[in-house]
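Student: Pick one charged contact and give me a close look at it. Then carry on from there, with the cut-offs stated.

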Amino acid sequence: QLLLLLRQTLQPLLGEVQRQLRARGVQTYAALLRDARDLVQRHPEVAARLRRGIDQLLVDEFQDTDALQCGLLRTLALEGDERPVLFAVGDPKQSIYGWRNADLRAFDRFRVEIEREGGEVLGLSVNFRSPPVLLEEVRRIVAPAMREEPGVQPPFEPLLAAPALADDPGFQATGRE
């Protein structure tokens, strides 16, 4: 009840701040995303026109998206008749923007949507930088400590040394690249 009262009390102040920002032509990052999502969701013709202009859509660092960004991406890449080819690249173990609303639950839900729409989720597990001995040590230490918690912590997935590196005794011994 206290939180509800606080929200009700601060709502007029927030509204005034938003009006002043808009009057000055200033938008927050969240407002830009929200307005873009709302535009394409409320106006299907705008979404269709945008889709027609995009052949391929690459979203890098996808692990740092949130539900709002997934909503915008859904409208542009998973809805409509003419859709761009979507490439979303992200490692949930590297999600570091929780302070900016990065949401692994949204990431996980969107992955499911991609598969439901006929997309393919591929893992990237080959490491071209580290010798096998180092990757094995990481697996030995990290795997038991990394407990999966949906929406918070993904499961541990071991990295594999690139075949050329695994066969190079000099690389294994020295770790040189």
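Tutor: Glu117 has a relative accessible area of 41%, so it ranks as partly exposed (buried is under 20%, exposed over 50%, partly exposed in between; 1.4 Å probe, protein chains only). The model is predicted, so local features need pLDDT of at least 70 and side-chain atom pairs pLDDT 80 or more, while totals for chains, interfaces and linings use all residues. Numbering starts from 1 along each chain as its sequence is written, and side-chain values use heavy atoms, without hydrogens or water.

Start with the partner of Glu117. Arg83 forms a salt bridge with Glu117, and the closest N and O atoms are 2.9 Å apart (the test is a side-chain nitrogen of Lys or Arg within 4 Å of a carboxyl oxygen of Asp or Glu). This pair links distant parts of the chain, 34 residues apart. Arg83 sits in the loop between helix 4 and strand 2. Glu117 sits in the loop between helix 5 and strand 3, residues 126–127. (Helices are DSSP runs of H or I with at least four residues, strands are E runs of at least two, numbered from the N terminus.) Arg83 is partly exposed because its relative accessible area is 37%. Neither partner is buried: Arg83 stands at 37% and Glu117 at 41%.

Now set that contact beside another one. Glu113 and Arg74 also join their side chains in a salt bridge, at 2.6 Å from N to O. Glu113 belongs to helix 5 and Arg74 to helix 4, so this pair ties together parts 39 residues apart in sequence. The burial of the two partners is as follows. Glu113 is buried, since its relative accessible area is 14%. Arg74 is partly exposed, with a relative accessibility of 24%.

A contact inside one helix comes next. Glu16 meets Arg19 in a salt bridge, 3.3 Å from N to O. Both residues lie in helix 1, 3 residues apart, or about one turn of the helix. Glu16 is partly exposed because its relative accessibility is 33%. Arg19 reaches 52%, so it counts as exposed.

Then there is a network. Salt bridges link Arg22, Arg34 and Asp35. The whole structure holds 10 salt bridges by this search.

Back to helix 4, home of Arg74. This helix also helps to line a pocket. (A pocket is an open set of 1 Å grid points over the protein atoms alone where a 1.4 Å probe fits, with protein on both sides within 12 Å along at least five of seven lines; lining residues have an atom within 4 Å of a point.) The second largest pocket holds about 190 Å³ of space (the volume filled by probe spheres set on the points, which are joined across faces, edges and corners). Its lining consists of Tyr29, Leu33, Val59, Asp60, Glu61, Asp64, Thr65, Gln69, Leu72, Leu73, Leu76 and Arg100. Helix 2 (29–42) and helix 4 (67–77) are the elements that give two or more residues to this lining. Helix 4 supplies the largest share, 4 residues.

One lining residue deserves a backbone check. Glu61, part of the lining of the second largest pocket, has phi near 55°, a positive value in a residue other than glycine. Glu61 is placed in the loop between strand 1 (56–59) and helix 4. Its relative accessible area is 41%, so Glu61 is partly exposed. Asn101 is another non-glycine residue with positive phi, about 80°. Asn101 lies in the loop between strand 2 and helix 5. Asn101 is exposed because its relative accessibility is 52%.

Strand 2 and helix 5 lead to the main pocket. The largest pocket has a volume of about 1,200 Å³. It is lined by 38 residues, of which Val89, Gly90, Asp91, Leu122 and Leu124 are the closest to its centre. Three elements each supply at least two lining residues: strand 2 (85–88), helix 5 (104–116) and helix 6 (132–145). Strand 2 gives the most, with 4 residues.

So the thread closes on helix 5: this helix carries Glu113, the partner of Arg74. Helix 5 also lends residues to the lining of the largest pocket. The loop between helix 5 and strand 3 holds Glu117, where we began.
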